[in-house]
Amino acid sequence: MKAAQLGQRSGACSTENRRAGIMATYVQLSTKAKMPILGLGTWQAAPGKVEEAVKFAIDVGYCHFDCAYLYKNESEIGEGIQQKIKEGVVKREDLFVVSKLWCTFHERSLVKGACQTSLAALKLDYLDLYLIHFPMGFKAGEEMHPVDDNGMSVPSNTDILDTWEAMEELVDAGLVKAIGISNFNHEQIERLLNKPGLKYRPANNQVECHPYLTQEKLIKYCQSKGISVTAYSPLGSPDRPWATPEDPTLLEDPKIKEIAAKHSKTSAQVLIRFHIQRNVAVIPKSDKPHHIEENFKVFDFELTKEEMETILSFNRNWRIVEMVKAVNHKEYPYKEDY
């Protein structure tokens, strides 16, 4: 990479330029931190490829990396980040790194250790944002998805309000800058916001969102409460292991393709831009360099009001991540309307 490009690269992410509003591409959290609106998703990113993907993404200009203990690749992501910091391409404070507390660590006594495990793997001193991955606690132990004889998830007897207190302690300990939630419905959020003695409000709710699951009510609710929203599976997670031939394919949707053609863009770029225009952060995953770069080129065009309305009209409440084994869990989040 040439020095001029390097200068440009660190400039795109630098704090001075953020303040100057160059690439005004951030969602402001309730903590006043700025979360880059576009991040690299890392679910299903193969350990053998993810380190190179992260390094390439940093060279392209990505500053936001979405990780999780569950994805079993945080150590490679950490390697990629460290290498780019060593090369002087980026500083730690220019990056926004997110991780998530897995369901088997909801017991208060396990939360800090789980966070420290992710920090050690990522080779970082702090996380910018740490989320409770799902509102459901599972039985603690080695098994990530503990199931009973019927193949259904084994719950823990934890309460999300106790787990949240342990999350708040991470902020006070300086391990994380902000805390949030993922896959919570509005009733679960309401319960958390009404918790007596709440010290820190959730800064973010990360949920599945794309034109077939537009989440209009939930997004409106979260934003009205000062909770930012991040959309996962924005491209429909085409490489999910449980895809079936009958499933709808977002990237092949003829109406999306038609809108993309009008802007001389790809379907993926339209699907990403759709979220940006709703002030929703978006984390498309790819470990292919040309897709990583293509997914970042979404700040030079705008969808019209009509196009946004057309895309919103595709909603069919079709969910990719259903967590069917946990459907009987008392905190299963998807039975509510939103």
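This passage walks through helix packing, a salt bridge, and the pockets and cavities of a predicted model.

A good place to start is helix H3, which spans residues 47-60, and its neighbour helix H4, which spans residues 74-86. The axes of the two helices come within 8 Å and cross at roughly 30°, and the crossing of H3 with H4 is right-handed. On the H3 side, the contact is made by Pro47, Val50, Glu51, Val54, Lys55, Ile58 and Asp59. These residues meet Glu76, Ile77, Glu79, Gly80, Ile81, Gln83 and Lys84 of H4. Sorted by class, the contact contains six nonpolar, two polar and six charged residues.

Two of the charged residues can be followed a little further. Lys84 and Asp59 form a salt bridge through their side chains, with a distance of 3.1 Å from N to O. Lys84 belongs to helix H4 and Asp59 to helix H3, and the pair, 25 residues apart, links distant parts of the chain. Across the whole structure, a search finds 20 salt bridges.

Helix H3 also packs against helix H11. Here the axes come within 10 Å and cross at roughly 35°, and H3 again passes its partner in a right-handed crossing. H3 contributes Ala53, Phe56, Ala57 and Val60 to this contact, while H11 contributes Pro289, Ile292, Glu293 and Phe296. What classes of residue make up the contact of H3 with H11? Seven are nonpolar, none is polar and one is charged. For comparison, the contact of H3 with H4 holds six charged residues alongside six nonpolar and two polar ones.

The next topic is empty space. Rolling a probe the size of a water molecule over the atoms shows where such space is left. The largest pocket holds about 1200 Å³. A total of 49 residues line this pocket, and those nearest its centre are Trp43, Gln44, Ser237, Arg240 and Trp242. Which helix gives the most to the lining of the largest pocket? Helix H11, residues 289-296, does so with three residues. H11 is thus a helix to look at twice, as Pro289, Ile292, Glu293 and Phe296 of H11 also take part in the contact with H3. By class, the lining of the largest pocket comprises 23 nonpolar, 14 polar and twelve charged residues.

The second largest pocket has a volume of about 340 Å³. It is lined by 19 residues, and Gln215, Asn317, Arg319, Asp337 and Tyr338 lie closest to its centre. Two elements each give two or more residues to this lining, namely strand S8 (204-208) and helix H8 (216-224). Of these, H8 provides the largest share, three residues. The lining of the second largest pocket is made up of seven nonpolar, six polar and six charged residues.

Cavities complete the picture. The structure holds two cavities of 30 Å³ or more. The second largest cavity contains about 40 Å³ of space. Its lining consists of His106, Pro135, Met136, Gly137, Thr158, Asp159, Ile160, Thr163, His329, Lys330 and Glu331. How do these residues divide by class? Three are nonpolar, five are polar and three are charged.

Definitions and conventions
Residues are numbered from 1 along each chain as its sequence is written. This is a predicted model: local features need pLDDT of at least 70, side-chain atom pairs count only at pLDDT 80 or more; totals for chains, interfaces and linings use all residues. Side-chain values use heavy atoms; hydrogens and water are left out. Axes are lines fitted to C-alpha atoms, for helices over the stretch in contact, and angles run from 0 to 180 degrees between N-to-C directions. Helices (H or I, at least four residues) and strands (E, at least two) are DSSP runs, numbered from the N terminus. A crossing is left-handed if the near helix is turned anticlockwise from the far one by less than a right angle, and right-handed if clockwise. Contact means heavy atoms within 4.5 Å. Ala, Val, Leu, Ile, Met, Phe, Trp, Tyr, Cys and Pro count as nonpolar, Asp, Glu, Lys and Arg as charged, and the others, Gly among them, as polar. On a 1 Å grid over the protein atoms alone, a cavity is a set of points where a 1.4 Å probe fits but cannot get out, and a pocket is an open set with protein on both sides within 12 Å along at least five of seven lines; lining residues have an atom within 4 Å of a point. Grid points are joined across faces, edges and corners, and a volume is the space filled by probe spheres set on the points. A salt bridge is a side-chain nitrogen of Lys or Arg within 4 Å of a carboxyl oxygen of Asp or Glu.
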